[in-house]
Amino acid sequence: MKRLWLLPALAIIAIVSGAQSARAAYCGAISYQGCSNCGESVVSDGTVVDGASPVADGAGSANADGSYTVMRNVTETVYEQVQETRYRTRNETYYEDKEVQATRVVPYTEQREVQYTVMVPTYETKTRTINYTVNKPVYETHEKVINYTVKKPVYETKTRTINYTVMKPVYETHEKVINYTVKKPVWETKTRTINYTVNKPVYETRTKTINYTVMVPVHETKTRTINYTVYNTVREDKVRTENYTVMVPEQYTKTITVNGGHWETQTETVPGPMMRRTVREPGTWTYDPATCRCVYCPGKCRVECVQGCPKTICKKVWVPTCEEKEICCTRYVKECRTREIPYTVCRRVPECKTKTCTYTVCKMVPECRTKTCNYTVCKMVPECRTKTCEYKVCSYVCEQRSKVCKYTTCKMVPECRTKTCNYTVCSYVCEPRTKVCKYTTCKMVPECRTKTCEYKVCKMVPECRTKTICVNKCRTECYTKICKVKKCRQVCEPYTVTKCVPRTVCKQVPVTVCCPAPVCCGAADACGCCEPACGCSKARGGLLKKLFGGRKGCCDSGCDVAPSCGCDAEPTCGCEAAPSCGC
């Protein structure tokens, strides 16, 4: 009696649970909602319907085997290439001018006089007498008689007769008929069809993704210590002793013969100079009958040489005389002396120093990148074509012909002939002869002779001379030079990098879902509960148990398990059981 007030509430709950379980009941329409959060799609009669509303028709959307095709939303990650500007630091080398003190060796030339001795050749002529023997030829003439034999040829003419045979040609002319066959060409034009195949190129553009590795430089700065040697110039003053020769002047007196003389004045008469003068001969008077008077004709002019008057002149004449007088002369005597010469010696002294250098090491680090390349593929597709060709066929037809040939035959007929030949026979007859030969003999008779030879003897006489020589020396001087100093600085430069950015794309993929045969609700179970085989939202026994704790049957566990075929309802029995239709 205490639970009667709950009957109206139980009826309301049963109506609500029945309305909820109607979505998954096999007695009505069946709908499947998507599992993703991107949206829901339902397939009804092969057409995709967006939304979560159930399909109205009951049996029109299922296949014969009870499976359905559902468009399920699938999430796919797509990588897009994005260019990004980055900055990197690189080491740049530059040079600066720096003044450095340096030392250099400068050559210079110094002159000095050197005494040396030269051997001067002196030639002397001498005479000597040489006795020698000469073989003088003496010739003698002799005679002797020689007997000899000569073969004298004797010629004799003879005659003989010779019989010989000659082959004489005899020619004959003949005729014969020759039958021959000639092949005459006959041309015929024919046509034929040729089927041939041509490969036609078909181009197709494709895309492929290439993964490649780029070596990215990574710079690392390191430091190392360098030991080096510097050579310093050290000057040292030294003194050396030098022996040298000095020519010292010495005065002495000698007597010499001097050609002297005086001037004398002498008077001398010199004839006058020869002069040329013109003299005219005396003229004549001639009577002129034209004018009836006498005309004077002048004489001829001639040139004659006339000597002038003599004159007396005074002139000075040098009268030579020989005189002896003493003169004072100077000669140079060689004298050896010693002197000390200071000089400077430069030495290079090594000095060890240490400096620290900073250098940069670049390592190449591999970096994986991806790029998409478009390439074209060419396929050769065979294409059948037809062409018609015309060609000529040549066939030969036999034709009989005849011709008459003339030919000559030659026969050799023997003919006997006779000829007479004259020939000469030579025979030799011996004849004794005599001749007288004259010959000359030569004898060498020795004869003594004498000759005088002049020869020269050369003696080397030492002679002291002086010459100026140039000595090359070096001195060290300091100077300032500008050198380039290598330095390093860091420079920031931009560069562009292409990287792949992931992006999520949602697309629909058709999925086939299998569905078991429906079971009608209304059969009572062993516990007295009316529960569907599968697909119900909740078992009524479980609700009664939860509401007012009835008796416990086979479904008293009340577990919340996954639906047996994809519905929102609870399983019929057993919490740990797998779905009965594989959904």
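Student: How many helices and strands does the protein have, and what makes a stretch count as one?
Tutor: There are two helices and eight strands. Both kinds are DSSP runs numbered from the N terminus: a helix is H or I over at least four residues, and a strand is E over at least two. Read along the sequence, the pattern goes α-β-β-β-β-β-β-β-β-α. Keep in mind that this is a predicted model, where local features need pLDDT of at least 70 and side-chain atom pairs need 80 or more, while totals for chains, interfaces and linings use all residues. Residues are numbered from 1 along each chain as its sequence is written, and side-chain values use heavy atoms, leaving out hydrogens and water.

Student: Why is asparagine 73 called buried?
Tutor: Buried means under 20% relative accessible area, exposed means over 50%, and partly exposed is what lies in between (1.4 Å probe, protein chains only). Asparagine 73 has 13%, so it counts as buried. Across the 583 residues of the protein, 9% get that label.

Student: Where does asparagine 73 sit, and what does its side chain touch?
Tutor: Asparagine 73 belongs to strand 3. Its side chain makes a polar contact of 3.4 Å with that of glutamine 508. The rule asks for N or O atoms within 3.5 Å, and within protein one must be able to donate a hydrogen and the other to accept it; residues adjacent in sequence count only if both atoms are side-chain atoms. At 3.4 Å, this pair passes the distance limit.

Student: How do you know that arginine 88 and glutamate 493 form a salt bridge?
Tutor: You need a side-chain nitrogen of Lys or Arg within 4 Å of a carboxyl oxygen of Asp or Glu. Here the N to O distance is 3.3 Å, so the pair qualifies. The two partners come from distant parts of the chain: arginine 88 is in strand 3 and glutamate 493 in strand 8, 405 residues apart. By this rule the whole count is 33 salt bridges.

Student: What makes both of those partners partly exposed?
Tutor: Arginine 88 has 36% relative accessibility and glutamate 493 has 21%. Both values lie between the two cut-offs, so both get the in-between label.

Student: How do you know that glutamate 463 and arginine 465 are bridged?
Tutor: Their closest N and O atoms are 3.6 Å apart, which is within the limit. Glutamate 463 is partly exposed at 35%, and arginine 465 is partly exposed at 35% too. There is also a network: Arg277, Glu281, Arg302 and Glu304 are joined by salt bridges that share partners. Another pair is glutamate 447 with arginine 449, at 3.8 Å.

Student: How many disulfides are there, and what would make a pair of cysteines count?
Tutor: The search of the whole structure finds zero. A disulfide would need two cysteine sulfur atoms within 2.5 Å, so no pair meets that limit.

Student: Why is cysteine 292 called exposed?
Tutor: Its relative accessible area is 55%, which is over the upper cut-off, so exposed is the right word. Cysteine 292 is found in the loop between strand 5 (284-288) and strand 6 (293-297). Its phi is near 60 degrees, a positive value in a residue other than glycine. Cysteine 500, by contrast, has 36% and counts as partly exposed.

Student: What makes the second largest pocket a pocket, and what is its volume?
Tutor: On a 1 Å grid over the protein atoms alone, a pocket is an open set of points with protein on both sides within 12 Å along at least five of seven lines. A cavity, instead, is where a 1.4 Å probe fits but cannot get out. This pocket comes to about 330 Å³, the space filled by probe spheres set on points joined across faces, edges and corners.

Student: Which residues line the second largest pocket?
Tutor: Among them are Asn91, Thr93, Arg224, Cys357, Tyr359 and Lys486; a lining residue has an atom within 4 Å of a point. Strand 3 (67-270) and strand 8 (311-514) each give two or more residues, with strand 8 giving the most, seven.
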